[in-house]
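Reader: I am new to this one. Could you walk me through it?

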Amino acid sequence: GAIRTAVADLMPDHTAIEEDVPAPELPVTLDMSGKVADYLRTTELEPAERAALDHGVTVRRGQGYTLRITAVPTVHCQLLACCQPLDCGQGVPAVPAQRKTRREYENRVTGLGAPA
């Protein structure tokens, strides 16, 4: 601590790096089922979530498609929270395929170490 203070006194124009500042989140690319993406397109989203969804890359797979989304883990968590009704059937008809694809996306998001 004393050395840091002495160096700071010698270099007044130099700002010290705070040690408690969290590192910025880096974008992560995750695949989202087209069924989940279609549902999210019909819901009200925050601007960051909408931008991530709009900038996703469509990958054709068999009968459906996958949307490859690059965003910070926080945005992935917010998107996951927005598609929660697909799992519970609250106001949305319970469709097993939608529940499954939502849970697959949840597994990918929680695999980042981010809270779901």
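Here are a few questions and answers about this predicted model.

Reader: In what order do the strands of the open sheet lie?

Author: Happy to start there! The open sheet has 3 strands, and their pairing is antiparallel. Strand E1 (28-33) and strand E2 (57-61) are its edge strands, each pairing on one side only. The order is therefore E1-E3-E2.

Reader: How many bridges join E2 to strand E3?

Author: Strand E3 covers residues 64-71, and E2 and E3 run antiparallel. In this part of the sheet, Arg61 stands opposite Gly64 in E3. The number of bridges joining E2 to E3 is 5.

Reader: Which helix lies across E1 and E3?

Author: Look for a helix running at about 140° to E3. That helix spans residues 73-82 and lies across E1 and E3. Its name is H4.

Reader: At the start of H2, which residue's backbone nitrogen does a side-chain oxygen of Ser33 reach?

Author: Helix H2 takes in residues 34-41, and its buried residues include Gly34, Val36 and Ala37. At the start of H2, the side-chain oxygen of Ser33 comes to within 3.2 Å of a backbone nitrogen. That nitrogen belongs to Lys35.

Reader: How much space lies in the largest pocket?

Author: Let's begin with the lining, which has 13 residues; Ser33, Gly34, Gly64, Tyr65 and Thr66 lie nearest the centre of the pocket. Two or more lining residues come from each of E1, H2, E3 and helix H6 (96-110). The space in this largest pocket is about 200 Å³.

Definitions and conventions. Residues are numbered from 1 along each chain as its sequence is written. This is a predicted model: local features need pLDDT of at least 70, side-chain atom pairs count only at pLDDT 80 or more; totals for chains, interfaces and linings use all residues. Side-chain values use heavy atoms; hydrogens and water are left out. Two strands pair if DSSP finds at least two bridges between them. Helices (H or I, at least four residues) and strands (E, at least two) are DSSP runs, numbered from the N terminus. Contact means heavy atoms within 4.5 Å. Axes are lines fitted to C-alpha atoms, for helices over the stretch in contact, and angles run from 0 to 180 degrees between N-to-C directions. Buried means under 20% relative accessible area, exposed over 50%, partly exposed in between (1.4 Å probe, protein chains only). A polar contact is a pair of N or O atoms within 3.5 Å; within protein, one must be able to donate a hydrogen and the other to accept it, and residues adjacent in sequence count only if both atoms are side-chain atoms. On a 1 Å grid over the protein atoms alone, a cavity is a set of points where a 1.4 Å probe fits but cannot get out, and a pocket is an open set with protein on both sides within 12 Å along at least five of seven lines; lining residues have an atom within 4 Å of a point. Grid points are joined across faces, edges and corners, and a volume is the space filled by probe spheres set on the points.
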